[in-house]
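Q: Could you take me on a close tour of one part of this protein? I would like to see a single strand in detail first, and then how its surroundings are put together.

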Amino acid sequence: MQSDLRSRFLIETCDVRGQLVHLDRCWADARARTHYPQNVSTLLGEAFAASALLAGTIKFDGKLTMQVRGDGDVHLLVVQVTNDGNMRGLARWKNEPESTVPHKAFGADARMIITIESEQGAEPYQGIVPLEGDSLADSIKHYFAVSEQLKTQVYFAVSDSAVSGLLLQALPPSEQVNDDDDGWSRATALADTITEQELLTTDMQTLLHRLYHEEQVRLFESSTLSFVCSCSKERTDNMLIGLGEAEVQDIVEEQGSVSIACEFCDANYDYDAVDVAALFKGYLGDAGDSNTQH
Ligand SMILES: [Zn+2]
């Protein structure tokens, strides 16, 4: 079984393109941070699969963030994926939800927000998706139907050790080469027969062969995904500098040190009085403004 991979494929005879994603090490790393109750873990896993698939269908240079906020048992779910396949994500909950149906777990008013931020500093794109249907997969389908006006079907499977996802999308009319109205129904009817267990445990080539051996399928090169957090000492330094010296000194006086934990990866950044002094001295020094009067 391939690990932490995303692959594109084309069912040529159906005019349908698709993607498969399988995460295991990346998923283990994401789960290692927090002990997630079962239903929260399932929702987070689906969001990992969904973001990886979404990122694979969109051309972008930066990061894609899928976020759900609500006032239900689960109040925050966020997964980020960069164009080069670095993923991180977390969920926050008050009570273990009884269901993984999104509007029950996140609350009736919850929305999914998809943001794409570009490295080049272009205006970020933001899409708001209602949490419709019985699973996050339904929301993703809705997102594609509205944003790209393309028929899309998605399947997720989540276990404690792996996350898998399958996406099928009808080619835009301009790219269709077969005069075959039945292609989409054939492709999805076959995919409907796949069990979660099969999706989790079958390698991509075997899976595609099992489903589409009567069609003509092209499997493209895979790209790898991994759990990588973008937090760093430098970013934390800058955040403290943003707070201002007086504010940070106050915290040190009250608590002895400043401790900042990254919510995504649990990394801890600690600053004692000496570190704080060095940080602000360094900051002023770096700015080349050694004559500043305090
Ligand atoms: Zn981190």
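A: Happy to. Let's begin with strand β8, which is covered on both of its faces: Thr152, Val154, Phe156 and Val158 are buried on one side, and Gln153, Tyr155 and Ala157 are buried on the other. That pattern fits a general rule: side chains in a regular strand alternate between the two faces of the sheet. Seven of the seven residues of β8 are buried, so the strand is largely enclosed by the rest of the structure. Please keep in mind that this is a predicted model.

Which strand does β8 pair with? Its partner is β9, in the antiparallel sense and over seven bridges. To find the register, look at Thr152, whose bridge partner in β9 is Gln169. The two strands form a hairpin, with four residues between β8 and β9.

Now step back to the sheet. Five strands make up an open sheet in the order β8-β9-β2-β1-β10, and their pairing is antiparallel. The edges are taken by β8 (152-158) and β10 (217-224); each has a single partner strand, so one side of each is left without a neighbour in the sheet. On average, neighbouring strands here are turned by 15 degrees against each other, direction ignored. It is worth holding two views of β8 together: β8 stands at an edge of the sheet, and yet both of its faces are covered.

At the other edge, β10 runs antiparallel to β1 (residues 5-11), and six bridges join the two. One of the pairs to look for is Leu10 with Arg218, its bridge partner in β10. Helix α7 (residues 204-212) packs on the sheet as well, touching β1, β2 and β10, and its direction makes about 155 degrees with that of β10.

What lies across β8 itself? Helix α2 (residues 38-57) does, and it also lies across β1, β2 (16-23) and β9 (163-170), running at about 40 degrees to β9.

Helix α2 has a helical partner too. It packs with α4 at an angle of about 25 degrees, and the axes of the two helices are 10 Å apart. Since angles under 35 degrees count as roughly parallel, α2 and α4 are therefore roughly parallel to each other. Their crossing is right-handed. On the α2 side the contact is made by Leu43, Glu46, Ala47, Ala50 and Leu54, and on the α4 side by Leu136, Ala137 and Ile140.

Leu136 deserves a moment of its own. This residue of helix α4 counts as buried, with 29 C-beta neighbours inside 10 Å. Leaving out residues up to four places away in sequence, Leu136 touches Leu43, Glu46, Ala47, Ala50 and Pro102. Four names in that list, Leu43, Glu46, Ala47 and Ala50, belong to the α2 side of the helix contact.

If you follow the chain from α4 (136-147) towards β8, you pass through a loop that holds Gln149. Its phi is positive, about 55 degrees, although Gln149 is not a glycine. Is Gln149 buried or exposed? Gln149 is exposed, with 10 other C-beta atoms within 10 Å. Asp4 makes a useful companion: it lies in the segment before β1 and has a positive phi of about 50 degrees, although it is not a glycine either. Asp4, however, counts as buried, with 24 C-beta neighbours inside 10 Å.

Finally, the wider setting. The protein is divided into domain 1 (5-227) and domain 2 (233-286), and the C-alpha centres of these domains lie 37 Å apart. A single pair of residues gives you another distance to try in the viewer: Leu136 and Leu243 are 107 residues apart in sequence and 37 Å apart in space, C-alpha to C-alpha.

Taken as a whole, the protein has ten helices and 13 strands, and its C-alpha trace spans about 75 × 45 × 35 Å along the principal axes. Of its 294 residues, 37% count as buried. Among contacts between residues at least 6 apart in sequence, 62% join residues at least 24 apart.

How values were computed
Residues are numbered from 1 along each chain as its sequence is written. This is a predicted model: local features need pLDDT of at least 70, side-chain atom pairs count only at pLDDT 80 or more; totals for chains, interfaces and linings use all residues. Domain bounds come from an automatic or database domain assignment. Two strands pair if DSSP finds at least two bridges between them. Axes are lines fitted to C-alpha atoms, for helices over the stretch in contact, and angles run from 0 to 180 degrees between N-to-C directions. Two residues are in contact if their C-beta atoms, placed from the backbone, lie within 7 Å. A residue is buried if 20 or more other C-beta atoms lie within 10 Å of its own, exposed if 12 or fewer, and partly exposed in between; C-beta atoms are placed from the backbone. Angles under 35 degrees count as roughly parallel, over 145 as roughly antiparallel, 65 to 115 as roughly perpendicular and the rest as oblique. A crossing is left-handed if the near helix is turned anticlockwise from the far one by less than a right angle, and right-handed if clockwise.
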